[in-house]
Amino acid sequence: MSDKDSNMKDMPDIKNKNHHDTMNEMNHMHHHDMNHMDMQGHDMGHMNTSNHSMHMGNFKEKFWSSFVLAIPIILLSPMMGMKLPFQFQFQGSELVVAILATILFFYGGQPFLAGAKMEIKQKSPGMMTLISLGISVSYVYSIYAFIANHFLNQHVMDFFWEFASLIVIMLLGHWIEMNAVSNAGNALQKLAELLPNEVTVIKSHGIESVVSLQDVKEGDLIVVKAGDKVPTDGTIEFGTSYIDESAITGESRTVNKKVGDKVIGGSVNGDGTIQVRVTGTGENGYLAQVMKMVSDAQNDKSKLEALSDKVAKHLFYVALGAGVLSFIVWLFVDNFSMALERMVTVLIIACPHALGLAIPLVIARSTSIAAKHGLLLKNRNAMDHAYDLTTIVLDKTGTLTEGNFSVNGLVSFDKMYDEDELLKYIGALETNANHPIAKGIMSYVKDKNISIYTVVDLKNVAGSGLDGKVNGKDVQLLNAKGITDLGLSYDSSLTNKYTEQGSTLSFLVINQELVGAIALGDTIKSEAKQFIRSLHELGIEAIMATGDNKQAAEKVASYLGIKHFYSEMLPTDKEKLVAKLVGEGKKVAMVGDGINDAPSLARATVGIAIGAGTDIALESADIILTNSNPLDILSFVTLAKETHSKMVQNLWWGAGYNIIAIPLAAGILAPIGIVLSPAVGAVLMSLSTVIVAFNAMSLKMK
């Protein structure tokens with residue numbers, strides 16, 4: 001990690017803040033942004049769990065309460081002047097309707113009015129503004145109609161029925177949509193939780209003192225015991241150990257650390273106790289910088305507009321323009337009352353009930369289908385953004401590979417030694433060792449339930465391996481260099497299938513004869529090769545970006561047929577790569593499973609997390625592959641195309657009829673005696689709602 005500082009040089013370095021203050025500030029900012037996004041209906045799937053539950057609960061509660069308020073309004077008021085068979089009235093029923101409508105407007109309409117206020121403030125009117133226009137115009141005009149009919153001795157048609165049904169259906173649509181996506185946790189909070197709350201600091205005269213993490217300063221000397229999390233960035237001043245940095249850097253094996261080596265806050269110490277001189281806390285700490293990248297990427301990504309919002313934005317301007325124009329024309333042709341009624345009819349028809357259900361119903365159906373295929377949707381717009389992917393950036397460890405440094409196979413060069421016999425000798429040499437290769441071998445021996453031989457006079461062969469006596473024989477376990485030094489050779493065709501996948505070979509030599517080899521490495525997932533081939537057939541470019549070393553990355557990329565790969569990538573490197581691709585206009589999916597993938601998962605057009613990955617990766621993503629199977633990504637791409645197609649169809653049914661309805665409602669054919677009556681407009685809206693519902697339910701995985 002020697003180049004960490006240079007790679008991170010563009011990140012803020014505010015050293016006078018402690019780590020927890022930094023985390024809390026980021027979380028506060030994040031929650032603040034999410035609240036605004038939810039009010040607009042632009043939940044991008046990155047809200048925290050409590051926020052998500054709160055808003056989902058609010059829509060559910062508001063829907064049922066509003067539904068109860070709407071029932072009497074629907075029963076007591078005509079539909080755009082047309083009395084339905086189930087409707088009735090009584091003395092004072094109009095007053096009851098007006099009172100209930102007022103309560104419904106301020107209670108049930110509150111989310112939409114608040115969202116519209118935010119959209120207008122951001123100069124980007126969309127779905128919330130369009131809905132607010134419909135409910136506000138229908139409510140205000142209906143109250144005017146009530147006053148005119150009862151106190152001004154006029155006959156003005158009210159729109160209480162349309163107003164009530166519009167609010168109820170829009171609330172239902174938002175509830176369905178919120179219910180469809182999974183609970184999204186807060187990735188920033190999870191990152192903060194990676195660090196321990198308390199740290200053991202060595203004071204003067206070697207006295208140890210336990211202090212809060214926020215009280216640790218640069219230059220402090222801290223103790224990290226075996227199995228503990230490393231609390232801060234630092235440099236080892238005493239001791240050696242193996243550090244598990246896999247979740248942070250993507251390196252598949254634990255890393256041997258000695259005096260002078262750097263360690264990263266959030267990594268996990270192995271079996272040795274080490275003393276670390278603190279070099280990074282607060283905002284200049286590695287994890288804090290990763291957090292800032294995640295937060296920035298999420299905030300930038302929240303600006304992506306959903307297809308329904310784009311349609312709503314255009315429809316808002318069309319409706320407003322058509323309504324004002326119709327008012328002006330009818331003011332000259334007829335009178336003020338007629339002009340006002342035409343304008344109101346246009347504005348109400350322009351906010352069709354079907355539009356509120358067009359997308360939520362497709363999302364609900366799509367989410368259900370996805371879940372059956374091992375895909376958990378966390379972002380409601382993931383399907384909308386993924387139908388035309390051009391590029392997929394893939395992490396290696398845990399995504400294309402299993403993520404475990406383990407035995408991939410054994411090769412016997414001598415018929416006297418079968419696999420079990422080889423393991424008895426190899427296990428004898430490695431039984432007390434503490435490095436990753438030894439742990440992988442002994443775990444394999446244990447799983448095979450093999451009783452290993454006993455070794456004596458065990459010693460290290462510098463730079464080559466181990467040497468000892470087993471069953472009275474001279475036995476060695478050596479790397480490729482050790483075999484070359486002894487002048488031994490072997491048939492490489494027997495080991496090619498392992499070396500092609502990046503496995504490390506250790507050779508067993510007994511009495512100066514090469515008898516076998518054991519292959520260890522991070523196994524490539526069996527379905528990975530087919531997955532890459534299928535991506536290329538779909539015209540999607542596959543790029544591998546990994547924190548692992550170049551040699552391992554090159555072998556995996558070559559084996560899988562990936563032309564472009566990047567190795568030894570830090571989180572900032574991955575995020576910059578994805579940002580560069582997105583900046584070039586490409587639709588990019590990022591697939592990963594570790595903390596080092598979190599910023600790029602958030603930055604990508606669509607972030608896809610492997611289900612077996614870290615919480616931070618899962619919560620920075622839009623989609624989770626619950627089965628950890630890369631082939632499920634192909635199912636996702638296919639479903640995204642089908643979902644987008646249904647969304648487009650539903651938006652045409654939900655809003656497209658306005659191409660005919662708005663001009664007719666405005667009275668464009670009035671000169672030849674054709675004026676769209678409000679009742680016909682209401683029937684058209686109801687018909688489009690039914691069509692939208694049936695069309696959404698017909699979505700299937702092809």
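Confidence in this predicted model varies along the protein chain: helix α1, residues 4-7, has the lowest mean pLDDT, at 35, while strand β11, residues 391-394, has the highest, at 96. Across the protein chain the mean pLDDT is 79, and 79% of the residues reach 70 or more. Please take some care with the start of the chain, where pLDDT stays under 50 over residues 1-57. The model does place 136 contacts beyond four places in sequence for that stretch. Where pLDDT is low, though, the predicted coordinates should not be read in detail.

With that in mind, let us look at the whole. The protein chain has 702 residues, and 56% of them count as buried. Its secondary structure comes to 26 helices and 22 strands. Among contacts with a separation of 6 or more, 72% are between residues 24 or more positions apart. The accessible surface of the protein chain is about 29200 Å², and carbon and sulfur atoms account for 57% of that surface.

Next come some of the helices. An unreviewed UniProt entry lists several spans under "transmembrane region", among them residues 63-82, 88-107, 128-147 and 159-176. Later spans in that record include residues 315-333, 345-364, 651-674 and 680-699. How do two of these spans look in the model? Residues 88-107 are 75% helix and 0% strand, with end C-alpha atoms 25 Å apart. Residues 128-147 are 100% helix and 0% strand, and here the end C-alpha atoms lie 28 Å apart.

Helix α6 runs over residues 127-151. Its 25 residues reach 36 Å from the first C-alpha to the last, close to the 36 Å expected at 1.5 Å a residue. After α6 comes asparagine 153, with a positive phi near 55°. Helix α5, at residues 110-121, has 12 residues and reaches 16 Å from its first C-alpha to its last, close to the 16 Å expected at 1.5 Å a residue. Buried residues in α5 include Pro111, Phe112, Ala114 and Gly115. Ala116, Met118 and Glu119 of α5 are buried as well. Lysine 123 follows α5, and its phi is positive too, near 55°.

Those positive values deserve a short pause. Most residues other than glycine have a negative phi. Two loops between strands provide further examples of positive phi. Asparagine 471, in the loop between β14 (465-470) and β15 (473-478), has a phi near 55°. This asparagine 471 is partly exposed, at 45% relative accessibility. Asparagine 511 sits in the loop between β16 (504-510) and β17 (513-524), and its phi is positive at about 50°. With a relative accessible area of 42%, asparagine 511 is also partly exposed.

For a look at a strand, turn to threonine 200 in β1, which covers residues 198-202. Is threonine 200 buried or exposed? Its relative accessible area is 17%, so threonine 200 counts as buried. Leaving out residues up to four places away in sequence, threonine 200 touches Glu208, Ser209, Val210, Leu221, Ile222 and Val223.

Finally, consider the charged side chains. The whole structure contains 12 salt bridges. In one of them, lysine 587 pairs with aspartate 388, with the closest N and O atoms 3.0 Å apart. Lysine 587 belongs to the loop between α21 (571-583) and β20 (588-592), and aspartate 388 to the loop between α14 (382-386) and β11, so this pair ties together parts that are 199 residues apart in sequence. Lysine 587 is partly exposed, at 27% relative accessible area, and aspartate 388 is partly exposed at 27%.

Another salt bridge joins lysine 574 and aspartate 395, whose closest N and O atoms are 3.1 Å apart. Because lysine 574 lies in helix α21 and aspartate 395 in the loop between β11 and β12 (401-412), the pair ties together parts 179 residues apart in sequence. Both lysine 574 and aspartate 395 are buried.

Aspartate 474 and lysine 469 form a salt bridge with closest N and O atoms 2.6 Å apart. Aspartate 474 is partly exposed at 37% relative accessibility, and lysine 469 is partly exposed at 33%. Elsewhere, Glu541, Lys580, Glu584 and Lys586 are joined into one network by salt bridges that share partners.

Terms used:
Residues numbered from 1 in each chain as written. Predicted model: local features only at pLDDT ≥ 70, side-chain atom pairs only at ≥ 80, totals over all residues. Heavy atoms only, no water. Helix = DSSP H or I, 4+ residues; strand = E, 2+ residues; numbered from the N terminus. Expected span 1.5 Å × (residues − 1). Buried < 20%, exposed > 50% of the residue type's maximum accessible area, 1.4 Å probe, protein only. pLDDT = per-residue confidence, 0-100. Contact = heavy atoms within 4.5 Å. Areas by Shrake-Rupley, 256 points an atom, 1.4 Å probe, with all protein chains shown as cover. UniProt positions renumbered as here; feature names shortened; annotations may be inferred. Salt bridge = Lys/Arg side-chain N within 4 Å of Asp/Glu carboxyl O.
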